[in-house]
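Biologist: I am new to this structure and would be grateful for a guided discussion. May we take one question at a time?

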Amino acid sequence: MDLNRLLMVAISVIFINNFILSKFLGLCPFIGVSKKTEPAFYMGLAVTFVMTASSIITWAVYSFLLRPFHIEYLRTLSFILVIASSVQLIEMFIQKFNPALYKVFGIYLALITTNCAVFGVAVLNSEMFLKVADNLTRSLVFCVVQGFCAGVGFTMVLLLMSGIRERLELCNVPRSMKGMPIAFIVASLMSMAFMGFMGFRF
Amino acid sequence: MKRLLREFLKGITIENPTFRLALGLCPTLAISTSIVNGFGMGLAATFVIVGSNMIVSSIRGVIPSKIRIPSFIVIIATFVTIVELVMKAYFPSLSKALGIFVPLIAVNCIVLGRAEAFASKHGVVRSIFDGLGMGVGFTFALVLISTIREAFGNGTLLGLIIVKGFEPALLFILAPGALLVIGILMGFINHVTER
């Protein structure tokens, strides 16, 4: 297994091509749930979990259904349906077997069934790893790593942002810039800072 | 006729999806690097919104309310697939520039939002006008943002150089510029409407 490439994918998707700050995926939860640290953390956990799960599921759909029957053009349709229904299934499962856990992040699961970051990671996986006829375990490992690390990067940025916004509550912001506009400006400064990672070469 | 016109205009002004409702921000920020990209994305999204609004409103009596969301998603994803294939065949360079954001129209909250909030409750003609208004409003916002970003970040408008000797600030084309522009625009709109 080429560990070097795996590491490169992981670092790239966490820092350099961060889903929120440089790919602009999942902005709705980023702006919506980043007001306080605790919900932001649970949201991040839920997204990481769903991204990893949907990476595995869409890998299976693509390599066992779409490619053998040459119906790759149905990718959008099938991915969305499979992701949405399996997240619902997982949600019901958690609700039934672990109500305490469901109370903590069940609502977030419902919110992200068709989040663009989740669907985006599936599409990116299929463009990067699944299109090339490769051996199956190798592409599965790459998909899972990319899905998991995209979630980790998402959680990290969400946490950082919520920390800043908790402080921002106490600041004297011009009235018309309050709320969303100032959040975007903060995000812009953060994204500028993250551009520093672009210099790294592996 | 007057009511239809109002349905159409509200998407552009008081219920503008980008600036007023803050929906569908991901594609707005990601692909507004040049006017051509912004306009192409806007047209594609308009087609999907109008198409899905039309189908959803015409079969709204048949869909059981429990499974309405999954059925809306299937309808939307079908239109997105049409756009994806047409764009790949006739506008390959645009399709390459927009990248994964073409399939991502399917999870754009504007489309599902209109299907759920408007088309599932109103008639076919009104839904089509609502979709048109929303699409045009979205396209307008995209073109506005991408004009600012292209002018400052690349020194051009539609690829033509505006002022000779102007040193473009590359930052505006990159990711931070998008967030900065939309933050300032939203603040400006708040400032104007508050008075």
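Biologist: In which helix is the place of B:Ala77?
Modeller: Please note at the outset that the model is predicted. B:Ala77 has its place in a helix of chain B, namely α4.

Biologist: Is B:Ala77 buried or exposed?
Modeller: The cut-off for a buried residue is under 20% relative accessible area. B:Ala77 has a relative accessible area of 1%, and therefore it is buried.

Biologist: What distance separates the C-alpha atoms of B:Ala77 and B:Ile105?
Modeller: These two residues are 28 residues apart along the chain. The separation of their C-alpha atoms is 8.4 Å.

Biologist: Which residues does B:Ala77 touch, not counting residues up to four places away in sequence?
Modeller: Within chain B, it touches B:Ala106. In chain A, it touches A:Leu77 and A:Ile80. With residues up to four places away in sequence left out, the contacts are A:Leu77, A:Ile80 and B:Ala106.

Biologist: How many residues of chain B are in contact with chain A?
Modeller: On the chain A side, 33 residues take part in the contact. The number on the chain B side is 35.

Biologist: What area do chain B and chain A bury between them?
Modeller: Carbon and sulfur atoms account for 81% of the buried area. The area buried between the two chains is about 3000 Å².

Biologist: Which helix gives the most to the side of chain B that touches chain A?
Modeller: There are 4 residue pairs in polar contact between chain B and chain A, both residues being at pLDDT 80 or more. At least two residues of the touching side of chain B come from each of α2 (25-31), α4 (68-90) and α8 (175-194) of chain B. The helix that gives the most, with 13 residues, is α8(B).

Biologist: How many nonpolar residues has the side of chain B that touches chain A?
Modeller: By class, that side has 6 polar and 2 charged residues. Its nonpolar residues number 27.

Biologist: Which residue forms a salt bridge with A:Arg75 across the two chains?
Modeller: The count between chain B and chain A is 1 salt bridge. Its closest N and O atoms are 3.4 Å apart. The pair joins two chains because A:Arg75 lies in helix α4 of chain A, while helix α4 of chain B holds its partner, B:Glu84.

Biologist: Are A:Arg75 and B:Glu84 buried or exposed?
Modeller: For A:Arg75, the relative accessible area is 8%, so this residue is buried. Taken together, both A:Arg75 and B:Glu84 are buried.

Biologist: How many residues apart are A:Glu127 and A:Arg75, whose side chains meet in a salt bridge?
Modeller: The side chains of A:Glu127 and A:Arg75 meet at 2.9 Å, N to O. A:Glu127 is in helix α6 (residues 116-130) of chain A and A:Arg75 in helix α4 (residues 75-97) of chain A, distant parts of the chain that are 52 residues apart.

Biologist: What separation in sequence does the salt bridge of B:Arg126 with B:Glu7 tie together?
Modeller: The closest N and O atoms of B:Arg126 and B:Glu7 are 2.6 Å apart. B:Arg126 lies in helix α7 (residues 124-154) of chain B and B:Glu7 in helix α1 (residues 2-12) of chain B, so the separation in sequence is 119 residues.

Biologist: Which residues are linked with B:Glu7 and B:Arg126 in a network of salt bridges?
Modeller: B:Glu7 counts as buried because its relative accessibility is 8%. B:Arg126, at 22% relative accessibility, counts as partly exposed. The network links these two with B:Lys10, B:Arg114 and B:Asp130.

Biologist: Which residues of chain B does A:Ser191 touch?
Modeller: A:Ser191 has its place in helix α8 (residues 180-194) of chain A. At 2% relative accessibility, it counts as buried. Not counting residues up to four places away in sequence, it touches A:Leu21 and, in chain B, B:Ala175, B:Pro176 and B:Leu179.

Biologist: Why do B:Cys26 and A:Cys116 have no bond between them, and what is the distance between their sulfur atoms?
Modeller: B:Cys26 is buried, with 3% relative accessible area. A disulfide needs two cysteine sulfur atoms within 2.5 Å. A:Cys116 holds the cysteine sulfur closest to that of B:Cys26, yet the two are too far apart for a bond because their distance is 3.1 Å.

Biologist: What does the count of disulfides come to over all chains?
Modeller: The same cut-off of 2.5 Å between cysteine sulfur atoms applies here. Over all chains, the count of disulfides comes to 0.

Conventions
Residues numbered from 1 in each chain as written. Chains lettered and ligands numbered in written order. Predicted model: local features only at pLDDT ≥ 70, side-chain atom pairs only at ≥ 80, totals over all residues. Heavy atoms only, no water. Buried < 20%, exposed > 50% of the residue type's maximum accessible area, 1.4 Å probe, protein only. Contact = heavy atoms within 4.5 Å. Buried area = accessible area lost by both parts, 1.4 Å probe. Salt bridge = Lys/Arg side-chain N within 4 Å of Asp/Glu carboxyl O. Polar contact = N/O pair within 3.5 Å; in protein donor to acceptor, adjacent residues only side chain to side chain. Helix = DSSP H or I, 4+ residues; strand = E, 2+ residues; numbered from the N terminus. Nonpolar A, V, L, I, M, F, W, Y, C, P; charged D, E, K, R; others polar.
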